[in-house]
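Subject: Structure handover

Hello,

Here is the structure you are taking over. Please open it beside this email and read the two together.

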Amino acid sequence: MKSIKWSSDLSVGIDQIDEDHRRLVQCLDDLFTACFAGQGPEVLNGILARLLQYTREHFSREEDIMRRVGYPEFETHRALHAELVSELDDFIESNALADNHGTSNKLLQFLQDWLTRHILVEDKKICRHVGAID
Ligand SMILES: [Fe+2]
């Protein structure tokens, strides 16, 4: 398993969104590093809490942009955001990271896949709509 890194492929052409995505990628990378350094649940849960906070802030900024530009798939996109926030919430509440290392690996993989796919597919659709990318 590799850590997620920012690359220009992930750029969606709207500075504010790119900046947020960079921060989320960095936070996932922090989680990766902490997991593989064998950090305990306290450290891991602290990073997860930060990730959840950044994610919430980012989603609300992105939703403002979608509203402003009259994005036609707003509701579908917002539902994807809400789903991830509630999954993260449940995960943090269940304190599953305290249990074992396999769980944190699975979570990391899930979050990396989710974020990458979401940026490349869903967020790029918004940017195409506003003409930020082709
Ligand atoms: Fe999004």
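Below are notes on the helices, how they pack, and a few single residues.

This is a predicted model, in which local features need pLDDT of at least 70, side-chain atom pairs count only at pLDDT 80 or more, and totals for chains, interfaces and linings use all residues. Residues are numbered from 1 along each chain as its sequence is written.

Helices

Helices here are DSSP runs (H or I, at least four residues), numbered from the N terminus; strands would be E runs of at least two. The expected span of a helix is 1.5 Å times one less than its number of residues. Helix H2 covers residues 41-68, and its 28 residues should span 40 Å at 1.5 Å a residue; its end C-alpha atoms are 40 Å apart, so the two agree. H3 has 21 residues and reaches 30 Å from first C-alpha to last, close to the 30 Å expected.

Two residues that directly follow helices have a positive phi. Glycine 70, just after H2, has a phi of about 60°. Asparagine 95, just after H3, has a phi of about 55°.

How the helices pack

For burial, a residue is buried if 20 or more other C-beta atoms lie within 10 Å of its own, exposed if 12 or fewer, and partly exposed in between, with C-beta atoms placed from the backbone. Two residues are in contact if their C-beta atoms, placed from the backbone in this case too, lie within 7 Å.

Which residues of H2 are buried? They are Leu44, Leu48, Leu51, Thr55, Glu62 and Met66. The buried residues of H2 pack against helix H1 (15-36), helix H3 (74-94) and helix H4 (101-129).

Three helix pairs are described below. Axes are lines fitted to C-alpha atoms, for helices over the stretch in contact, and angles run from 0 to 180 degrees between N-to-C directions. Angles under 35 degrees count as roughly parallel, over 145 as roughly antiparallel, 65 to 115 as roughly perpendicular and the rest as oblique. A crossing is left-handed if the near helix is turned anticlockwise from the far one by less than a right angle, and right-handed if clockwise. In the residue counts, Ala, Val, Leu, Ile, Met, Phe, Trp, Tyr, Cys and Pro are nonpolar, Asp, Glu, Lys and Arg are charged, and the others, Gly among them, are polar.

- H1 and H2: the axes are 10 Å apart and the packing angle is about 165°, so the two helices are roughly antiparallel. The crossing is left-handed. Residues of H1 that meet H2 include Asp20, Arg23, Leu24 and Leu28, and those on the H2 side include Leu48, Leu51, Thr55 and Glu62. The residues of this contact of H1 with H2 divide into 13 nonpolar, three polar and six charged.
- H1 and H4: the angle is about 165° and the axes are 10 Å apart, so H1 and H4 are roughly antiparallel. H1 passes H4 in a left-handed crossing. Among the residues of H1 that meet H4 are His21, Leu24 and Phe32, and among those of H4 are Leu108, Leu115 and Asp123. The contact of H1 with H4 has 10 nonpolar, four polar and one charged residue.
- H3 and H4: the axes come within 13 Å and cross at roughly 170°, which makes H3 roughly antiparallel to H4. This crossing is left-handed. His77, Leu80, Leu84 and Phe91 in H3 meet Leu107, Trp114, His118 and Glu122 in H4. The residues of the contact of H3 with H4 are five nonpolar, two polar and one charged.

Single residues

Is valine 25 buried or exposed? Valine 25, in helix H1, counts as buried because it has 20 C-beta neighbours inside 10 Å. Its C-alpha is 8.3 Å from that of leucine 115, although the two are 90 residues apart along the chain. Leaving aside neighbours within four places in sequence, valine 25 is in contact with Ile4, Lys5 and Trp6.

Arginine 23 is also in helix H1. It is partly exposed, with 17 other C-beta atoms within 10 Å. Arginine 23 and threonine 55 are 32 residues apart in sequence and 9.4 Å apart in space, C-alpha to C-alpha.

Serine 60 lies in helix H2 and counts as exposed, with 10 C-beta neighbours inside 10 Å.

Regards
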